[in-house]
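Hi everyone, thanks for coming. Please take a moment to look at the model on the screen, and then we'll walk through it together.

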Amino acid sequence: MPQRHSKNNNDLAFFTYDEKRKLGYGTQKERLGKDSIKPFDACCLCLKPFIDPMSCQKGHVFCKECILECLLAQKKDIQRKLAAHAAQQKQEKEEEEEKLMLQKAKELDAFDQQNHGAVPQYSDRNYSRDKNGFHGANSVKVTSYEEEALRTMKAFWLPSATPAAAVKVDAPDTSTFCPEGREKLRLKTLFPVHFTEDTSEQKESKALDKTYICPSCKVTLTNTMSLVALSSCGHVFCKKCADRFMAVDKVCLVCNKPCKERNLVNLKKGGTGFAAHGDHLEATDFKHLGSGSGLGLVRPATKT
């Protein structure tokens, strides 16, 4: 009796479900599981439970050691780029001085030959060459658009486009950025975050992992809740308590420290390169269906 080979059977008059999925037919939607979402008590860099957490003004939480190492690495990279840019400017200045010296020596040599030679020397006025290296009719003054096109054109025969040509190093940006939100970040804008740990006897006997609660309503904090941290003191509350008490009383319920509305920072959940969280999360994947199918490149999307 022949074995069933439904996945290898391609002589049907219609597409099977497996063939549709392999070809990217329609919109591919998939709900991300729990393992794909970063917990709220995990560092955005190392993805481990944070140690001495610190948060930026956008609500991204990092371990103190991780974010300091990241900012230090960015500073070192900026210093390396600045040194390369300074070395390039110095080299360009030396080349320009050498070029002027050679031009001056050439003019002196031409003047000497004009005065002492038997054959008259013609000036370069009749054989003018523009700065782009063109002669004759092309030596007219080019417009700014043509200059930009000549500078950016992909022509391997130009000296500036050869593989041996020196790579121009632009002046780097001296600002450090948040590795998660890509906004400008400085060390003094970070503030420590203090979570209230559940120290009840039931929690201690059941689990070894730390469990955090809201210091106001005593509700266990989970990934399904929106959390708010006070940048003035660092205490973390659930959003309901923050909107109900701190936004109205302008004071922290734990340490009684005054706070303003701008001190309420919404903590982000997920959002790393390995895990993400949000209502409009979308991942794309390119698949080539072949030129004969008439579809070419398609991009099925994956959403939550």
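Let's start on the outside: which residues gather in a patch of negative charge on the surface? They are Glu94, Glu95, Glu96, Glu97 and Glu98. Before I go on, please keep in mind that this is a predicted model. Let me pick one residue from that patch. Glutamate 95 is found in helix α2, which covers residues 64-116. Its relative accessible area is 45%, so glutamate 95 is partly exposed.

Now, on to charges that pair up. How many salt bridges does the structure hold? There are three, and I'd like to show you each of them.

We can stay in helix α2 to begin with. Arginine 80 forms a salt bridge with aspartate 77, and the closest N and O atoms of this pair are 2.5 Å apart. Arginine 80 and aspartate 77 are separated by about one helical turn, because they sit three residues apart in helix α2. How accessible are the two partners? Arginine 80 has 51% relative accessibility, so it counts as exposed, the cut-off being over 50%. Aspartate 77, with a relative accessible area of 28%, is partly exposed.

Aspartate 77 has another partner to introduce. The side chain of lysine 81 also meets that of aspartate 77 in a salt bridge, at 3.4 Å from N to O. These two residues both lie in helix α2 and are four residues apart, again about one turn of the helix. Lysine 81 counts as partly exposed, at 35% relative accessibility. Put these pieces together and you have a network of salt bridges linking Asp77, Arg80 and Lys81.

For the next salt bridge, please move along to helix α5, residues 239-249. Here the side chains of aspartate 243 and lysine 239 meet, with an N to O distance of 3.9 Å. Both residues lie in this helix, four residues apart, which is about one turn. Aspartate 243 is partly exposed at 41% relative accessibility, and lysine 239 is partly exposed too, at 31%.

Let's leave the charges and turn to the rings. How many aromatic pairs does the count come to? The count comes to four, and I'll describe two, including the pair of phenylalanine 40 and phenylalanine 195. Their ring centres are 6.1 Å apart and their planes are at 50 degrees, so this pair is tilted. Where do the two rings come from? Phenylalanine 40 lies in the loop between α1 (17-23) and β1 (53-55), while phenylalanine 195 lies in the loop between β3 (191-192) and β4 (196-197). The pair therefore ties together parts that are 155 residues apart in sequence. Both phenylalanine 40 and phenylalanine 195 are buried.

The other pair I want to show is phenylalanine 50 with tyrosine 212. The centres of these rings are 6.4 Å apart and the planes are at 35 degrees, so this pair is tilted as well. Phenylalanine 50 lies in the loop between α1 and β1, and tyrosine 212 in strand β5 (residues 212-213), so the pair ties together parts that are 162 residues apart in sequence. Are these residues buried or exposed? Phenylalanine 50 counts as buried at 10% relative accessibility, and tyrosine 212 is buried at 10% as well.

And here is my last stop: ring pairs link Phe40, Phe50, Phe195 and Tyr212 into a cluster. Thanks for listening!

Note on methods:
Residues are numbered from 1 along each chain as its sequence is written. This is a predicted model: local features need pLDDT of at least 70, side-chain atom pairs count only at pLDDT 80 or more; totals for chains, interfaces and linings use all residues. Side-chain values use heavy atoms; hydrogens and water are left out. Patches are made of residues with over 30% relative accessible area and no salt bridge: like charges are joined within 9 Å, nonpolar side chains (Val, Leu, Ile, Met, Phe, Trp, Tyr) within 5 Å. Accessible areas come from the Shrake-Rupley method with a 1.4 Å probe; for residues, only the protein chains shown count as cover. A salt bridge is a side-chain nitrogen of Lys or Arg within 4 Å of a carboxyl oxygen of Asp or Glu. Lys and Arg count as positive and Asp and Glu as negative; His and the chain ends are not counted. The place of a charge is taken as NZ of Lys, CZ of Arg, CG of Asp or CD of Glu. Buried means under 20% relative accessible area, exposed over 50%, partly exposed in between (1.4 Å probe, protein chains only). Rings of Phe, Tyr and Trp (its six-membered ring) pair if their centres lie within 6.5 Å; planes under 30 degrees apart count as stacked, over 60 as edge-to-face and the rest as tilted.
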